[in-house]
Structures are given as C-alpha cells and as structure tokens.
Amino acid sequence: MSSANLPGYPPPTSHLHSPTYTAVPRPHEHQLALNARLRPNRPPCEFVKQTKNGGVSLRLVGQDDQTTLPVYGLGAPVQGTVDINKAEGITSVEVLIEGILKLEEVAEGGTATHNLCLSKSILWVKDRIQGAPCPSSLRFSITLPSTFLDGDRTYPLPPSFEAHLSGLPGFRANINYSVSAVAVKPNVQNLVKSTLFRKDDWAVSTPFMYLPRTRPSVPIPISLTANVSCGGFAETPRWKVFSSTAAANRGAIQELVAKLYLPATRIFCVHQPIPFHLSFHSDAASIAAFLPFAPVAGLFSPKRQLTRIQLMRQITVDVRNAVVLGTKTDIWRVDCIGEGAFRHAGDGPGWVSFSGEIFIGDHITIGGFKVGGFSVRDCLVLTMSPPDLLKSPFKELRMVVPIRLTTDPWNEDGSGLGAYGGGYNPPSISSSEELLAAPELRYHA
C-alpha cells in the first residue's frame, strides 16, 4: 500500500489533551480505588539473627521492632542482607525460604508432609580462577509465592497455623515457614563433629509468620427494621434469609419457622461483630408456646439461653484421604469462637423478631483455608434446644450457614482489593445441613 492511500488526520485542537495527573483527587474528582502496594509503608526496623560463633548474620528489613518473629503478607518480598564476619574458606552463600505442612494422626499412625513453597537464591559463588574472597555483606530479595499446587489443584498459600486435638484419636497440624542463610564451607562440613567445628556455625535460620491479609469487598449493609405490616423483617438484596423449621411436638401446636437474616456476602472481619436478624413465625398459639424458649435479651450467661447463635470453627485433618467401610478417615475438632447477643426487635400475632451481633473471640486472627488434607472452616450455627424434648411443644432446631472471616475490615477507598479469587468447598459439620457453599474470599497484600 502506498502512502498516498493513507487517510489524513487533522492536528488535535488545544482542548483535546490528556488530563493533568494529580496524586490527590481534585474537588470535581472521586477516588474509586487505591493500590496500596504501590505506596508501601513498611516498618523501618530490622530483625537480626546470627550463628553462635557470630560468623554469619541474617538481617531482615521492614520489620516492626515489637515483633518476636518476622511477619510477611501475600506476595511480599523477603528482603535483607547476609553478613559474613569470617569469610575465610567460604565457597558460596545462599538463602533458602521454605514452607511445610505437617499432619500427624495420633493413635492412627498416619503422618503426611507437604512442601508448600521452596525458594532458593544463590547470592555468591567463589570464582576458582580469580579466587576473590566472599564479600562481607550480600543483599537478597525473594518474593513469596501467592499460591501452591496440590495435585492438579491450585490453592492460596495458607497462613502460619497450629492446631491439635488431644485424646485418642487425635491430631497435630502445623504450617511453618522459615528463611535460612547458609555459608558453604566444605573444609568444615566434611570434618567430624566436634566442639571446635560445627555446621550451625555457618548456617542461620529463623521461622517467620506468613499472614496474608483479606478484607470484604463491600461494607456491612444498613440494619433491617422489624415491620408489623411485613410480619417481621422486609427482605432486601443486601440481606440474605436462611430458613429452617422446628417440627411440632404436640398435636395442637403448629410447626415453627425460623428465618435468619445475614449480610448477603457472608464475609466478615474478625475484629468486628457480625450483625444478624432473626424472626420466628407460626400461628399465635404456637408463638406463645415458643416464648419460653426464645432468646433472652441481655442475658449475661449464654449457656442459659435455649436459643443461641454461635460462630463455630471446624478444623479437619485427613492424612490418609481414604474411605473405610463407607466412612471417611478424617478427624476433626469443632470450637465455638463467637457468641451472639440478642435484643428484642418487634412482635405480632404470628411472629416475634430479634436483632443482635455475634462477638468473635480476640484469639481469632485469621479466617478459614484449605491445604492438602487440612482445612479450617467457619460457620454460624443457630440452635433451639429445649431442655426436655418429651415435654417441649417443639422439637430441636438447628441451622448451619457457612461464612468467611477476613483479617481486615472493608475499606472505603478499595485499597489492595483482590489478588487471588479462587474458592473451595471444605467438608461441612453436617453436609445435609449446609445451606450454601462458603462464599468466595479475595486476598490482598
């Protein structure tokens, strides 16, 4: 094609220019999202560990001076220096990052180990021709992977975690990460061990905490209000309702329908209470029969409540991943990590409603995850447990709703949203009672 066939373009007018960039939104502009990874605010302190003889020191930068172990998040660079104080005879220096999941079933005899990550960086190798000595300080930077491959499936790299179940059968589960610096010195490593020459004089290692941060993508919606005309709470797209029925235990009593309202995302921060609304529906006589079993507002001892809503955490270990006589070989423990507090919201001839919050224990810092034969799952459990089923007008009620917990609350500027969007379906406390799969969770740095 000749240049004569190309169309001509008029020069742009003065008002068709690119807008001027500003770091802060101008009065007529609105910030939609902020990538916090482009503006890191890492602590200025170092974490230092050295060998017993002081020959090798490992310095990790960007750490808080109050921390007892280094801490890293999703896709974080592990950065620092390796200081060599005694360089004679050293032929190479390397840094190794390792993540290991170890599962052990007590009394069952099963043990499984999974390598979650293994990253190695050679910082220096001696040139045999020139024979230059090892530098006294070597910098390094190794980026942590955000995922790992287990068979043919990819999972987010799990956080540091430890759990155990006492008794028989029982289990121990550990997810550990470490960073090591090794100065290779062949003339020392090949010697017989003695108090004068030891391998650990030329290798230094420290465990570190891997804590990937997560947060909800939307805020908690505005609370619902009980309405007489609606006979309870009016359903909205931002709140999802889950229903269950308590069967009648007497001929003159009708069944009782429980409706639990939760924010539609079912993703909550561990540092914030989980809001909920709860209503019970039947005819007037059955509601009156239910009132002695209804939640008591402001009751100090939750154990005296006949109707409770709890946040439960199930930790499951399956070393063998087998089925014996139709039963899986997994072992699990279930713990209550949060308890709901109720307040009366309204009532009518055929309904009674409550609102409240579930307060999460301070010891909970991370949400659920799955890795290999190990999973941590969180769910809300609503129960109505009459003290005497033979005399009770209703049979027992139980409802299980899977949720997700995040490390951070929702942020209005959208900073750091989303890196890994993969989901999973861990085993349920009771698969027949699981209403929906756990919601998808997003990770950020």
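This report covers the nonpolar cores, the salt bridges and one surface patch of a predicted model.

## Nonpolar cores

The largest nonpolar core holds 51 residues. Val-82, Val-93, Phe-161, Ile-175 and Phe-374 have the most contacts inside it. Strand 11, spanning residues 170-184, gives the most to this core, with 7 residues. A second core is separate and has 36 residues. Its members include Phe-242, Ala-289, Ala-294 and Leu-311. In soluble globular proteins, nonpolar side chains tend to be buried together.

Val-93 deserves its own look. Neighbours within four places in sequence are left aside here. Val-93 then touches Val-82 and Ile-84. It also meets Ser-121, Ile-122, Leu-123 and Trp-124. Cys-134, Leu-138, Val-182 and Ala-183 complete its list of contacts.

## Salt bridge in strands 2 and 4

The structure holds 9 salt bridges. One of them joins the side chains of Asp-83 and Arg-59, at 2.7 Å from N to O. Asp-83 sits in strand 4 (residues 77-84), and Arg-59 sits in strand 2 (residues 56-63). The two residues are 24 residues apart, so the bridge links distant parts of the chain.

Is each partner buried or partly exposed? Asp-83 is buried, because its relative accessible area of 13% falls under the 20% cut-off. Arg-59 has a relative accessible area of 28% and is therefore partly exposed. The pair also belongs to a network: salt bridges with shared partners join Glu-46, Arg-59 and Asp-83.

## Thr-81 in strand 4

Thr-81 lies in strand 4. Its relative accessible area is 16%, so Thr-81 counts as buried. What does Thr-81 contact, leaving aside its neighbours within four places in sequence? Ser-57, Leu-58 and Arg-59 are in contact with it. So are Ser-137, Leu-138, Arg-139 and Phe-140. Arg-59 is thus both a contact of Thr-81 and the salt-bridge partner of Asp-83. Leu-138 is in contact with Thr-81 and also with Val-93.

## Salt bridge in strands 5 and 6

Lys-120 forms a salt bridge with Glu-94. Their closest N and O atoms are 3.5 Å apart. Lys-120 belongs to strand 6 (residues 110-125) and Glu-94 to strand 5 (residues 92-106). The pair therefore ties together parts that are 26 residues apart in sequence.

The partners differ in exposure. Lys-120 is exposed, because its relative accessible area of 54% is over the 50% cut-off. Glu-94 is at 18% relative accessibility and counts as buried.

## Salt bridge in strands 23 and 24

Arg-343 and Glu-357 meet through their side chains in a salt bridge of 3.0 Å, N to O. Arg-343 is in strand 23 (residues 331-348). Glu-357 is in strand 24 (residues 351-360). They are 14 residues apart, and the pair links distant parts of the chain.

How exposed are Arg-343 and Glu-357? Arg-343 is partly exposed, with a relative accessible area of 39%. Glu-357 also counts as partly exposed, at 22% relative accessibility.

## Nonpolar surface patch

Some nonpolar side chains lie on the surface. Val-71, Met-209 and Leu-211 make a nonpolar surface patch of about 190 Å². Val-71 lies in strand 3, which covers residues 71-72. Its relative accessible area is 35%, so Val-71 is partly exposed.

Note on methods:
Residues are numbered from 1 along each chain as its sequence is written. This is a predicted model: local features need pLDDT of at least 70, side-chain atom pairs count only at pLDDT 80 or more; totals for chains, interfaces and linings use all residues. Side-chain values use heavy atoms; hydrogens and water are left out. A nonpolar core is a set of buried Ala, Val, Leu, Ile, Met, Phe, Trp, Tyr and Cys residues joined through side-chain atoms within 4.5 Å. Buried means under 20% relative accessible area, exposed over 50%, partly exposed in between (1.4 Å probe, protein chains only). Helices (H or I, at least four residues) and strands (E, at least two) are DSSP runs, numbered from the N terminus. Contact means heavy atoms within 4.5 Å. A salt bridge is a side-chain nitrogen of Lys or Arg within 4 Å of a carboxyl oxygen of Asp or Glu. Patches are made of residues with over 30% relative accessible area and no salt bridge: like charges are joined within 9 Å, nonpolar side chains (Val, Leu, Ile, Met, Phe, Trp, Tyr) within 5 Å. Accessible areas come from the Shrake-Rupley method with a 1.4 Å probe; for residues, only the protein chains shown count as cover.
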